[in-house]
Amino acid sequence: MKKILFLIFVISISSQAQKNLKIDNDHIYVFNKDLEFSIIKISKNRTTSRYNTTYVAKKGTRFISMYLKFKNTSNETKTIDFSNILLLTDNNQTIKIDFVVKAMKLTANTDRLKIKLKPGKKRMIAIEFESPVEKDEKIDQLIINEKVVSLSYN
């Protein structure tokens, strides 16, 4: 019985450590003239696992991850270059993407931060930013292809 209570306690603590922000998932953002995306979810997490190592953010900071749904609106296969997406913090610091997860395949090498998308196809992609941000900071801006884009919340 004690083991079950301990397990429930651990699960409740870990679920409280993850804070999801209510983003407007219907809002469409333009990546370029042929690619558009929506943000399905933004998460702030105290811990992250990278390269078989678990990292813990300093007290008062959180790692940011996003789930994006991309759509290719052209008649050609297009490449999504995730090195062209940066997180812009309140103090104008830019944070690059550390890794991209597509169809359960992790790509962390900067040469592999590019994903091809066939014409008319949609794909769900998870990204995580390299450095943690302040715990209470609202994630409200990205830099996409050198243009500042404001995020839409409900």
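This passage describes the fold, the core, the aromatic contacts and some single residues of a predicted model.

Residues are numbered from 1 along each chain as its sequence is written, and side-chain values use heavy atoms, without hydrogens and water. Because the model is predicted, local features need pLDDT of at least 70 and side-chain atom pairs count only at pLDDT 80 or more, whereas totals for chains, interfaces and linings use all residues.

The chain contains one helix and 15 strands; these are DSSP runs numbered from the N terminus, with helices (H or I) of at least four residues and strands (E) of at least two. Of its 154 residues, 38% are buried, where buried means under 20% relative accessible area, exposed over 50% and partly exposed in between (1.4 Å probe, protein chains only). The accessible surface is about 9,900 Å², and carbon and sulfur atoms hold 51% of that area; the areas come from the Shrake-Rupley method with a 1.4 Å probe, and for residues only the protein chains shown count as cover. Among contacts (heavy atoms within 4.5 Å) with a separation of 6 or more, 67% link residues 24 or more positions apart.

The mean pLDDT, the predictor's confidence in each residue from 0 to 100, is 82 for the chain, and 80% of the residues score at least 70. Confidence is highest in strand β14 (residues 141–144), at a mean of 94, and lowest in helix α1 (residues 2–17), at 47. Over residues 12–18 pLDDT stays under 50, and the model has eight contacts beyond four places in sequence for this stretch. Where pLDDT is low, the predicted coordinates should not be read in detail.

The largest nonpolar core has 31 residues, of which Ile-39, Met-66, Phe-70, Phe-82 and Leu-151 touch the most other members. At least two residues of this core come from each of several strands, including β3 (35–45), β6 (61–72) and β9 (94–102). Such a core is a set of buried Ala, Val, Leu, Ile, Met, Phe, Trp, Tyr and Cys residues joined through side-chain atoms within 4.5 Å. Beyond four places in sequence, Phe-82 touches Leu-68, Phe-70, Ile-97, Val-100, Leu-113, Ile-115, Ile-125 and Ile-127.

Phe-82 also belongs to an aromatic cluster with Tyr-29, Phe-31, Phe-37 and Phe-70. Rings of Phe, Tyr and Trp (its six-membered ring) pair if their centres lie within 6.5 Å; planes under 30 degrees apart count as stacked, over 60 as edge-to-face and the rest as tilted. Four aromatic pairs are counted by this rule. Tyr-29 and Phe-37 are stacked because their ring centres are 5.4 Å apart and their planes meet at 25°. Both Tyr-29 and Phe-37 are buried.

Strand β3 contains Ile-40, which is partly exposed at a relative accessible area of 28%. Leaving aside neighbours within four places in sequence, Ile-40 contacts Ile-23, Asn-25, Tyr-67, Lys-69 and Met-124. Tyr-55, in strand β5 (residues 53–56), is likewise partly exposed, at 37%. Outside the same sequence window, Tyr-55 contacts Arg-46, Thr-47, Thr-48, Arg-50 and Phe-63.

Most residues other than glycine have a negative phi. Asn-145, however, has a positive phi of about 50°, and the phi of Glu-146 is also positive, near 70°. Asn-145 lies in the loop between β14 and β15 (147–150), as does Glu-146. Asn-145 is partly exposed at 28% relative accessibility, whereas Glu-146 is exposed at 79%.
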